[in-house]
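The following note concerns the nonpolar cores and the principal pocket of the model shown here.

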Amino acid sequence: MTQRIEYTKAAPGAVRAMYQLEHYVRNCGIEHSLLELVKFRASQINGCAYCMDMHTKDARAAGESEQRLYLLSVWRETSFYSEREQAALEWTEALTLLPSNDVPDELYERVHAQFNDEELTNLTLAIVAINGWNRFGVGFRSEPGTYQPAQQR
């Protein structure tokens, strides 16, 4: 696959806006490890190879286990994820697949039991952000394998 356009150069203002959103998400107080799982799971659903490559690298650089990353697409069938992570993953799937799903009250209640109002709002924004990045990656065919994570301090 060949990248269609270099959107970072074609519309730097749009990319700057996405980076501002990403900056907020990274600093909103939700655990970095949880955000990486959410980003990776949404990217799996959306088929964004670039983002899957990026978020597995970032998660591994931050200490995430390979086993948990390998089994993320079948998280319901394992005991590797905390109740909070399970709630976030279920919320991620519901909001990422929104056109074909409703978000039932029972799901909202399960997720809200793990996240306070501010956290749930921030988690939802993180899901919005990664779904936006996925649309750039898939739509413009960003090349997977080129991303390198920042050095951990």
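1. For residue classes, Ala, Val, Leu, Ile, Met, Phe, Trp, Tyr, Cys and Pro count as nonpolar, Asp, Glu, Lys and Arg as charged, and the others, Gly among them, as polar. By this scheme, the lining of the largest pocket holds eight nonpolar, seven polar and six charged residues.

2. The model is predicted: local features need pLDDT of at least 70 and side-chain atom pairs pLDDT 80 or more, while totals for chains, interfaces and linings use all residues. Numbering starts from 1 along each chain as its sequence is written, and side-chain values use heavy atoms, without hydrogens and water.

3. The largest pocket (an open set of 1 Å grid points where a 1.4 Å probe fits, with protein on both sides within 12 Å along at least five of seven lines; lining residues have an atom within 4 Å of a point) has a volume of about 470 Å³, taken as the space filled by probe spheres set on the points. Of its 21 lining residues, Tyr7, Tyr19, Tyr50, Met54 and Trp133 are the closest to the centre.

4. Helix H4 (49-61) is among the elements giving two or more residues to this lining, and H4 contributes the most, with five. Helices here are DSSP runs (H or I, at least four residues).

5. The largest nonpolar core (buried residues, under 20% relative accessible area with a 1.4 Å probe, joined through side-chain atoms within 4.5 Å) has 18 residues, of which Trp91, Val111, Phe115 and Leu123 touch the most other members. Helix H8 (117-139) is one of the elements giving two or more residues, and the largest share, five residues, comes from H8.

Note on methods. Buried means under 20% relative accessible area, exposed over 50%, partly exposed in between (1.4 Å probe, protein chains only).
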